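I opened this model to look up a few things at the bench and kept notes as I went. The entries follow the order in which I checked them.

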Amino acid sequence: MKKMIHLGLFLIILGAIAGCSSSSTDGPSLNSSSAASQSKTMNSQTMSSGTERKVSVDEAAKLFKDNYPETDITSLDLEKSLGKYVYKIEGVDDTKEYELQIDSESKKVSKKSEETLDSDEQNGVKRKEDKLDLNDLLTIDEVSKIAVKEVGSGEATEWSLDKDLAITYWEVKVKDGQKEAEVKINAQSGKVLATDLDD
């Protein structure tokens, strides 16, 4: 009986010591909203640190141009497909439109397609209207930070590079739980052009 009491006291003391040591190394405790916020920040850093995406926008654009040398890029998307981030890039020459899908980790091209442009889009018409300005582009990491700051919290999950009224812009989708927002950002200056909040 004495052995059982001593063993019980020993376990209680051991538990108390373990509890004290874990609270002293962890620092102040976080409330649940603070912990969730910290988790979102870490997720955002995971994407921006490049662990989910090894291929940059410049490398993806170069790969497209290597496959279709005489073209201009008209749209570029980075989104998840079957659990992996893939680039979907479209471009045109004077007669055809091309699409290429590139794995953002391996650079593997998984889809190629081409189709003839409508007659009113040929001879440089679509090229001139839709050609993206790829000079001095802000990186995905940079526009992700701008978009999350604009929305206030969340994680950037999808990116589209497009053009409207002669302005090349990033459209960044930000998710925060069940809420989503899309933020349009000038691709060169970083100026927020529009924010669309969707509850």
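**Entry 1: a glutamate in a strand**

I started with E99, which lies in strand β3, residues 96-103. The model is a predicted one, and I read everything below with that in mind. Is E99 buried or exposed? Its relative accessible area is 18%, and since buried means under 20%, E99 counts as buried.

I then listed what E99 touches, leaving out residues up to four places away in sequence. The contacts are Y68, I89, E90, K111, K112 and S113. One of these, E90, is also the bridge partner of E99.

**Entry 2: the strand around it**

I looked at β3 as a whole next. Seven of its eight residues are buried, so β3 is largely enclosed by the rest of the structure.

Which strands pair with β3? On one hand I found β2, antiparallel to β3 over seven bridges. A hairpin of three residues joins β2 to β3. I also found β4, which pairs with β3 in the antiparallel sense over seven bridges. There I noted Q101, whose bridge partner in β4 is K111. The hairpin between β3 and β4 has five residues between the strands. In that turn K107 has a positive phi of about 70 degrees.

**Entry 3: the whole sheet**

I stepped back to count elements. The protein has five helices and eight strands. Read from the N terminus, they run α-α-α-β-β-β-β-α-α-β-β-β-β.

How are the strands ordered in the sheet? I wrote down β4-β3-β2-β1-β5-β6-β7-β8, an open sheet of eight strands with antiparallel pairing. The edges are β4 (109-116) and β8 (192-198); each has a single partner strand, so one side of each is left without a neighbour in the sheet. On average, neighbouring strands are turned by 15 degrees against each other, direction ignored.

At the β8 edge I checked the pairing with β7, residues 179-186. Six bridges join these antiparallel strands. Among them I noted E180, with D198 as its bridge partner in β8.

I also looked at what packs on the sheet. Helix α3, residues 57-67, does so and touches β1, β2 (84-92), β3, β4 and β6 (167-176). The direction of α3 makes about 45 degrees with that of β2.

**Entry 4: the core**

Nonpolar side chains tend to be buried together in soluble globular proteins. I therefore looked for the largest nonpolar core, and it has 32 residues. Which residues have the most contacts inside it? They are Y87, I89, W159, W170 and V172. At least two residues of this core come from each of α3, β1, β2, β3, α5 (140-151), β5 (155-164), β6 and β7. The element that gives the most is α3, with five residues.

I followed I89 because its name had already come up as a contact of E99. Not counting residues up to four places away in sequence, I89 touches A60, A61, F64, I73, S75, L76, Y98, E99, L100 and I102.

**Entry 5: a serine on that list**

S75 is in strand β1, residues 72-81. I looked up its relative accessible area, which is 13%, so S75 is buried. Leaving aside neighbours within four places in sequence, S75 is in contact with K88, I89, E90, L132 and L161. E90 is thus a contact of S75, and E90 is a contact of E99 as well.

**Entry 6: aromatic rings**

How many aromatic pairs does the structure hold? I found three. I wrote up F64 and Y68, which form a tilted pair, 5.2 Å centre to centre with 55 degrees between the planes. Both F64 and Y68 are buried. Together with Y98 they form one aromatic cluster. F64 and Y98 are also among the contacts of I89, and Y68 is among those of E99.

**Entry 7: totals**

I closed with the overall numbers. Of the 199 residues, 31% count as buried. The accessible surface comes to about 12,500 Å², and 51% of it belongs to carbon and sulfur atoms. Of the contacts with a separation of 6 or more, 45% are between residues 24 or more positions apart.

Terms used: Residues numbered from 1 in each chain as written. Predicted model: local features only at pLDDT ≥ 70, side-chain atom pairs only at ≥ 80, totals over all residues. Heavy atoms only, no water. Phe/Tyr/Trp six-rings, centres within 6.5 Å; stacked < 30°, edge-to-face > 60°. Buried < 20%, exposed > 50% of the residue type's maximum accessible area, 1.4 Å probe, protein only. Helix = DSSP H or I, 4+ residues; strand = E, 2+ residues; numbered from the N terminus. Contact = heavy atoms within 4.5 Å. Areas by Shrake-Rupley, 256 points an atom, 1.4 Å probe, with all protein chains shown as cover. Pairing = 2+ DSSP bridges. Axes fitted to C-alpha atoms, helices over the stretch in contact; angles between N-to-C directions. Core = buried A, V, L, I, M, F, W, Y, C linked by side-chain atoms within 4.5 Å.
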